[in-house]
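Here's a quick briefing to read with the model open in your viewer. Have a look around first, then come back for the notes.

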Amino acid sequence: MAEPKSKIESVREWVVDHKLRTVGCLWLSGIAGSIAYNWSQPGMKTSVKIIHARLHAQALTLAALAGAAAIEYYDHRNRTKPDPYAKFLPVDGYSRKE
């Protein structure tokens, strides 16, 4: 009988299956958190607060994309399941029209 997955393992599996959704959620939470933080800072113009929030969210998005790339690389090297793209590849290993 298979052992139940740990919480971390199930979260990692979800992130691997939904990379872009994860990056989008991180971007949204980053911009919301940055706006909330910047709004608590007195003495800044509204336009500066919005620009800072965008910059923080952009940096968080780049970090999330780098993390997704690292997860993809790790998953590709330690693949335990069959290749998900195998059905799109030709049977003989290459396709060349002669």
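Leaving aside its neighbours within four places in sequence, which residues is A53 in contact with? They are I31, S34, I35 and N38. Keep in mind that this is a predicted model. That set of contacts is a handy way in, so the notes start with the overall picture and then work through α2 and back to A53.

**Overall picture**
- The protein has 3 helices and 0 strands, and from the N terminus on its elements run α-α-α.
- Of its 98 residues, 15% count as buried.
- About 8300 Å² of the protein is exposed, with carbon and sulfur atoms supplying 64% of that.
- Take the contacts with a separation of 6 or more: 46% of them are between residues 24 or more positions apart.

**Helix α2**
- With 21 residues at 1.5 Å a residue, α2 should span 30 Å, and its end C-alpha atoms are indeed 30 Å apart, so the two values agree.
- T22, V23, G30, I31, S34 and N38 are the buried residues of α2. They sit on the same side of the helix, because they cover an arc of only 160 degrees around the axis.
- A bit of helix geometry is useful here: an α-helix has 3.6 residues a turn, so residues three or four places apart point the same way.
- The partners for the buried residues of α2 are α1 (7-17) and α3 (46-77), which they pack against.
- Turned away from that buried side is a face carrying the exposed residues R21, L28 and A36.

**A53 and its surroundings**
- A53 belongs to helix α3, and it counts as buried because its relative accessibility is 1%, under the 20% cut-off.
- Among the contacts of A53 are I31, S34 and N38, which are also on the list of buried residues of α2.
- A53 and W39 are 14 residues apart in sequence, and their C-alpha atoms are 9.7 Å apart in space.

**I35 and the surface patch**
- I35 lies in α2, which covers residues 19-39, and is another of the residues that A53 contacts.
- What does the accessible area say about I35? At 34% relative accessible area, I35 is partly exposed, because that class runs between the 20% and 50% cut-offs.
- Together with W39 and I50, I35 makes a nonpolar surface patch of about 290 Å².
- I35 therefore qualifies for a patch on accessibility, as its 34% is over the 30% that patch residues need.

Definitions and conventions. Residues are numbered from 1 along each chain as its sequence is written. This is a predicted model: local features need pLDDT of at least 70, side-chain atom pairs count only at pLDDT 80 or more; totals for chains, interfaces and linings use all residues. Side-chain values use heavy atoms; hydrogens and water are left out. Patches are made of residues with over 30% relative accessible area and no salt bridge: like charges are joined within 9 Å, nonpolar side chains (Val, Leu, Ile, Met, Phe, Trp, Tyr) within 5 Å. Accessible areas come from the Shrake-Rupley method with a 1.4 Å probe; for residues, only the protein chains shown count as cover. A salt bridge is a side-chain nitrogen of Lys or Arg within 4 Å of a carboxyl oxygen of Asp or Glu. Helices (H or I, at least four residues) and strands (E, at least two) are DSSP runs, numbered from the N terminus. Buried means under 20% relative accessible area, exposed over 50%, partly exposed in between (1.4 Å probe, protein chains only). The expected span of a helix is 1.5 Å times one less than its number of residues. The arc is that of the directions from the helix axis to the C-beta atoms. Contact means heavy atoms within 4.5 Å.
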